[in-house]
Structure formats: structure tokens, C-alpha cells
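Thanks for asking me to look this one over. Here are my notes, in the order I would walk through them with you at the screen.

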Amino acid sequence: MSFKSVSDAVHSRCSVRAFTNEVVPAETLREILQLAARAPSGGNLQPWRVYVLTGQELRRFVGTMQERLLSGPADPEEYTIYPPNLKVPYRHYRFDIGERLYRALGVEREDREGRKQWFARNFAFFGAPVGLFCFVDRCMGKAQWADLGMFLQTVMLLLSERGYGSCAQEAWALYHRTVTQFVSAPKELMLFCGMAIGRPDEKAAANHLNSPRMPLDDFAVLRGFEE
Ligand SMILES: Cc1cc2nc3c(=O)[nH]c(=O)nc-3n(C[C@H](O)[C@H](O)[C@H](O)COP(=O)(O)O)c2cc1C
């Protein structure tokens, strides 16, 4: 797949939560990560630190993670994924995307076990052949965390351009200790999120989800243009 424009790429990227087992070559990932590092960052700090697992290493990690899931509650929180008591309209958007996902999967609202099992698929990277973790130095602040987002979106667009799918995953923050230990990340690094990467399974219901966006006038104010 190749895109005619950036608009095309932005438009066609969506979170992919089911993958084929096609291998993603190391050169492709290295090329994408190097290019994505062209993302802007305040003061050119380039605060992203990335670990990528595939093949035997990924299988070993997912095995470790499955044991970890059975061994007890999540790790003590290092950062709060969503603000507590999420207010409207944010609460509405979060609820809505969850409902859409479970509807696409055919999991009923009352089926708590079904929902839990689906959520747990996060911790197998949804079966993706590649798992990426994005860390940031603990000395960094809010501004640098925003830089991580620019880097990650650039990675996702470059993946789309090559016909690969991805899903950013904050869920990994719940098990930051297991992740940090497995990849041997130094103590000064803190896990922000993971990302599942691979060739999308086009037939999978999970990949046929329409995630809506709020209308422009709900989030943007443009002034002075009518003069
Ligand atoms: C930083 C970040 C973390 C995310 N974490 C998760 C996650 O843990 N699990 C998941 O299924 N989706 C996760 N998502 C995907 C969002 O749910 C998704 O981006 C949003 O619903 C919009 O849908 P789209 O990506 O298909 O456009 C995450 C997205 C971002 C940007």
C-alpha cells in the first residue's frame, strides 16, 4: 500500500487489534524508527526510548506476561492513564469507543468475563508479530511526554504507508515492572506505552471499527479569518 498524500495516510491509519503472523523485517523497523525520529521535539531533546521484541524474544516475553497476569494484581501505578472521574465529554468518548469495540466483537455489555478476556489480549500484543515499548526518562515533564506522541504517531503513519497496522497500548503501563525487567531498561526510564505491530488481519471483526471524532467546532476556535 502506498499513499498519495499525508492526508491519505492520516485518514487510513486506525488501531489494528488482530494480525497475521507475517514477519516484519528488522530492516523495515529500523528504517521506520530512524525516520520517525525526524518527529519534532521541544529543544530537539528526542526523549523517546524504544525497545522492540519479535520472534523468540516476543514469545518468551508473552509467556512471562501470561504467568504474571495469573500471579496477582497489576503493578503499583506509575502514572494515571485516565484522570479519575473523567468528566463529560471525555467520559462519553471513552465509553462510546469501548461499546463500539465490544459490539464489533460480538461481546455483550453484560458479559464481563468476555470483556475481561478481550482486554487481556492487550498483554499478548493482540497476537502481533512485533511488540514495541516506548519509555521516557523520569526527569522529563509534560512537554516531553507530548513529544513522545509525535514520535509514536509518526511511527504509526510510516507503518501504515508500508501496509502494516499498529495499536498504541497504554494498557502496558499496568505491568510496567514486568516490561522494564524483561527488556532490562535502566531504572531512570519509565514506561509510557506499548505498541502492537504487524500485518492487519483484514477479516478480523476487531479491525472493522469506526472510531468517530468530535466535530471541528467542538475543539477549535478560529478567529480573524472573516476580515
Ligand atoms: C497513547 C495511546 C494508548 C492507547 N492504548 C490502548 C490500549 O491500551 N488498548 C487498546 O486497545 N487501544 C489503545 N489505544 C487505541 C485507542 O483506543 C484509539 O487510538 C482510539 O480509540 C481511536 O481509534 P483509532 O486509533 O482506530 O483511530 C491507545 C491509543 C493511544 C494513542
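1. A cut-off before anything else: a residue is called buried when its relative accessible area is under 20%, exposed when it is over 50%, and partly exposed in between. Please also keep in mind that the model is predicted. With that cut-off in hand, start at helix H7, where 6 of the 8 residues are buried, so the helix is mostly covered. The buried residues are His176, Thr178, Val179, Thr180, Phe182 and Val183. What lies over them includes strand S1 (48-54), helix H3, strand S2 (130-137) and strand S4. Just past the end of H7, serine 184 has a positive phi of about 55°.

2. The packing of H7 against H3 deserves its own look. H3 (residues 55-71) and H7 (residues 176-183) have axes 11 Å apart and meet at an angle of about 150°, and their crossing is right-handed. On the H3 side the contact uses Glu57, Arg60, Phe61, Thr64, Met65 and Arg68, while H7 brings Thr178, Val179 and Phe182. In terms of character, the contact residues divide into 4 nonpolar, 2 polar and 3 charged. The spacing of such contacts is easier to read with one reminder: an α-helix has 3.6 residues a turn, so residues three or four places apart point the same way.

3. On to charge pairs. Side chains of opposite charge can pair when their charged atoms come close. How many salt bridges does the structure hold? The count is 9. One of them joins glutamate 22 and arginine 199, with an N to O distance of 2.9 Å. This pair links distant parts of the chain, 177 residues apart: glutamate 22 sits in the loop between helix H1 (6-12) and helix H2 (26-36), and arginine 199 in the loop between strand S4 (189-198) and helix H8 (216-219). Both partners are partly exposed, glutamate 22 with a relative accessible area of 35% and arginine 199 with 21%.

4. A second salt bridge is between arginine 109 and glutamate 99, whose closest N and O atoms are 3.6 Å apart. Arginine 109 is in the loop between helix H4 (90-105) and helix H5 (112-120) and glutamate 99 is in H4, so the bridge ties together parts that are 10 residues apart in sequence. Glutamate 99 is buried, at 12% relative accessible area.

5. Sequence neighbours pair up too: arginine 162 and glutamate 161 form a salt bridge, with their closest N and O atoms 2.9 Å apart. Arginine 162 is partly exposed at 21%, and glutamate 161 is partly exposed at 34%. The pair belongs to a salt-bridge network that links Glu31, Glu161 and Arg162.

6. Now a charged residue without such a partner. Arginine 17, in the loop between H1 and H2, is buried yet has no salt bridge. Which side chain of opposite charge is nearest to arginine 17? It is glutamate 170, at 9.4 Å; a salt bridge needs the nitrogen and the carboxyl oxygen within 4 Å, so this pair does not count as one. Leaving aside residues up to four places away in sequence, arginine 17 touches Leu101, Trp118, Phe126, Cys167, Ala206, Asn207 and Leu209.

7. A few backbone points to check by eye. Most residues other than glycine have a negative phi, and most peptide bonds are trans. Against that background, asparagine 44 has a positive phi of about 55°; this residue is in the loop between H2 and S1 and is exposed at 53% relative accessibility. Asparagine 85 has a positive phi near 50°, lies in the loop between H3 and H4, and is exposed at 75%. The loop between H3 and H4 also holds proline 89, and the peptide bond from valine 88 to proline 89 is cis, with omega near 10°.

8. Last, a small one: glutamate 108 is in the loop between H4 and H5 and counts as exposed at 53% relative accessibility. From glutamate 108 to tryptophan 118 the C-alpha to C-alpha distance is 12 Å, with their positions 10 residues apart in sequence.

Conventions: Residues are numbered from 1 along each chain as its sequence is written. This is a predicted model: local features need pLDDT of at least 70, side-chain atom pairs count only at pLDDT 80 or more; totals for chains, interfaces and linings use all residues. Side-chain values use heavy atoms; hydrogens and water are left out. Helices (H or I, at least four residues) and strands (E, at least two) are DSSP runs, numbered from the N terminus. Buried means under 20% relative accessible area, exposed over 50%, partly exposed in between (1.4 Å probe, protein chains only). Axes are lines fitted to C-alpha atoms, for helices over the stretch in contact, and angles run from 0 to 180 degrees between N-to-C directions. A crossing is left-handed if the near helix is turned anticlockwise from the far one by less than a right angle, and right-handed if clockwise. Contact means heavy atoms within 4.5 Å. Ala, Val, Leu, Ile, Met, Phe, Trp, Tyr, Cys and Pro count as nonpolar, Asp, Glu, Lys and Arg as charged, and the others, Gly among them, as polar. Lys and Arg count as positive and Asp and Glu as negative; His and the chain ends are not counted.
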